[in-house]
Structure formats: C-alpha cells, structure tokens
Amino acid sequence: MVIDHIYSLIGPAGVALLVLGVAAVYLSLWSFIYLARVGRQFRRGMRDYENGTDSFIAEMEVSNPLIAVVHEVVFRHSEHSNDMRAEVAYLFLKHLRFLNNTLVWLRFIVAVAPLLGLLGTVLGMVSVFHTMAFESSPDATALAGGISQALLTTVMGLVIAIPVLGVYYFMTLQVKEYRIGAIEHSYRLLKKSGRAAGHSCGAHACPVNV
C-alpha cells in the first residue's frame with residue numbers, strides 16, 4: 001500500500017513531521033487571513049472613528065479587536081493607567097488572545113520540527129548500524145533505506161521550520177505595527193475627547209516604543 005511505502009521511507013518521526021507540517025500550514029494561513037481582515041477593518045474604522053463625534057465614538061461597534069483596544073483605552077482605562085504602552089500591551093493580550101496563541105504554536109513548531117528531523121536521523125542510523133551489527137552480509141537495500149530515512153526526516157524538519165520561522169517573524173512585526181497604530185490613535189482620540197489628563201504625557205503624544 002501507498003501508506004506503508006511512505007511510512008517505510010520516513011518512519012515515525014517523519015509521520016509526526018507531516019502532522020506538524022499540516023498544522024503549520026493551517027495556522028499560517030489562518031493568521032494571515034485573520035490579521036489582514038482585522039487590519040483592514042481597523043484602518044477603515046479608525047478613519048470613521050477620528051472623524052466622528054465623541055458620542056459616535058462611544059457607541060461605535062467594537063467587534064474588531066484592534067478597534068476594541070483603542071475603544072477601551074479611551075473610554076474605560078484612561079483614568080486608571082498612566083502607562084499607555086503597558087495598557088495597550090495588556091489589551092492586545094486580552095483581545096487578540098487567539099492570535100497570540102497561534103504565534104506561540106508557530107514558535108513551538110519552529111523549535112520542534114528540527115528536533116523531530118534529528119530524531120528521524122538518529123532512528124535511521126540506529127537501524128543501519130543494527131543491520132550491520134547483526135547480519136554478516138547486510139542487505140544494501142536495507143542499509144540504503146535506513147540512511148535515506150535519516151536524511152529525509154532531517155530535510156523535512158528544516159523544510160517545515162524555515163518557512164514557519166519566516167511566517168512567525170512576519171506576523172510578529174505586523175502585530176507590533178498594529179500596536180504602535182493603536183497607541184497613536186489612542187493618544188489622538190484621548191486628546192480629542194479631553195480625557196488625556198489622566199496620562200503622564202498629558203495632551204501630547206508620548207514616544208511610541210513597543
């Protein structure tokens with residue numbers, strides 16, 4: 001059967017890598033689509049947000065998590081915190097929990113995939129040496145199969161880890177960019193609504209570092 005043939009080529013570590021690869025593709029596509037949709041709604045919503053009246057802003061739909069971050073800074077937390085950056089960081093964790101969890105899983109895959117590839121290499125080489133040790137005339141096909149399994153799983157681990165690492169850093173940069181945008185919009189709306197006095201920077205924008 002085809003499944004048996006594939007298993008003989010990649011071994012148990014290779015099967016685990018296939019599962020990990022499928023999970024990586026799914027999480028990467030989901031995070032790309034989710035963040036693109038949320039970011040597009042955020043930019044459009046902020047234009048309406050800043051052009052609206054104070055009452056309009058207070059009643060605005062905040063189902064978008066990025067808009068919800070700005071909304072809570074302006075209308076719920078502005079009197080309780082003097083550190084805008086820490087406040088926004090907390091709200092990002094609160095409203096973008098699923099995205100943050102996805103990034104954690106992507107980082108986990110980046111770390112585990114090469115280790116599984118190394119495990120497949122070790123298992124393959126163990127099979128080769130076992131054959132050489134207990135057979136007076138080892139079958140060249142069996143030896144080649146063990147070496148092939150060792151090399152193939154190593155390649156699979158790297159093929160999974162390298163692009164997922166790129167996706168992870170790209171998504172991390174996107175999240176930081178949106179965090180900066182949330183801080184900047186929050187300061188402008190606080191100044192517009194006259195709520196900025198509760199913050200240490202007053203009505204002036206503080207340096208934005210995340």
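**Figure 1. Thr153 in helix α6.** Thr153 lies in helix α6, which covers residues 140-193. The model shown here and in the other views is predicted. Thr153 has a relative accessible area of 0%, and this residue is buried because the cut-off for that class is under 20%. Leaving aside neighbours within four places in sequence, Thr153 is in contact with Ile10, Gly14 and Leu17. The list of contacts of Thr153 also holds Gly117, Gly120 and Thr121.

**Figure 2. Leu123 in helix α5.** Leu123 is placed in helix α5, which covers residues 97-134. With a relative accessible area of 36%, Leu123 is partly exposed. That value falls between the limits of under 20% for buried and over 50% for exposed, so Leu123 belongs to the class in between. When neighbours within four places in sequence are set aside, Leu123 is in contact with Pro12 and Gln149. A further pair to look for is Leu123 and Ala150: 27 residues separate them in sequence, and their C-alpha atoms are 6.9 Å apart in space.

**Figure 3. Leu103 in helix α5.** Leu103 is found in helix α5. Its relative accessible area is 10%, and Leu103 is buried. Not counting residues up to four places away in sequence, Leu103 touches Tyr168, Met171 and Val175. Leu103 and Thr172 are 69 residues apart in sequence, while the distance from C-alpha to C-alpha is 7.7 Å.

**Figure 4. Ser28 in helix α1.** Ser28 is part of helix α1. The relative accessible area of Ser28 is 9%, and the residue is buried. Apart from neighbours within four places in sequence, Ser28 is in contact with Leu106 and Val167.

**Figure 5. A nonpolar patch on the surface.** Val25, Leu29, Phe32, Ile33 and Phe170 make a nonpolar surface patch of about 480 Å². Helix α1 gives the most to this patch, with four residues. Leu29, one of the residues of the patch, lies in helix α1.

**Figure 6. A patch of positive charge on the surface.** Five arginines are shown: Arg37, Arg40, Arg43, Arg44 and Arg47 gather in a surface patch of positive charge. Arg44 lies in helix α1, which covers residues 2-51. The relative accessibility of Arg44 is 42%, and this residue counts as partly exposed. Residues enter such a patch at over 30% relative accessible area, so Arg44 at 42% passes that cut-off.

**Figure 7. The protein chain as the setting for the close-up views.** The secondary structure of the protein chain comes to six helices and zero strands. Along the sequence, the pattern reads α-α-α-α-α-α. The protein chain has 210 residues, of which 40% count as buried. Among the contacts between residues at least 6 apart in sequence, 75% join residues at least 24 apart. The pair Leu103 and Thr172, at 69 residues apart in sequence, can be viewed again here. The area exposed by the protein chain is about 12000 Å², and carbon and sulfur atoms supply 66% of it.

Terms used: Residues numbered from 1 in each chain as written. Predicted model: local features only at pLDDT ≥ 70, side-chain atom pairs only at ≥ 80, totals over all residues. Heavy atoms only, no water. Patch = residues over 30% accessible without salt bridge, like charges linked within 9 Å, V, L, I, M, F, W, Y side chains within 5 Å. Areas by Shrake-Rupley, 256 points an atom, 1.4 Å probe, with all protein chains shown as cover. Salt bridge = Lys/Arg side-chain N within 4 Å of Asp/Glu carboxyl O. Lys, Arg positive; Asp, Glu negative; His and termini not counted. Charge placed at Lys NZ, Arg CZ, Asp CG, Glu CD. Helix = DSSP H or I, 4+ residues; strand = E, 2+ residues; numbered from the N terminus. Buried < 20%, exposed > 50% of the residue type's maximum accessible area, 1.4 Å probe, protein only. Contact = heavy atoms within 4.5 Å.
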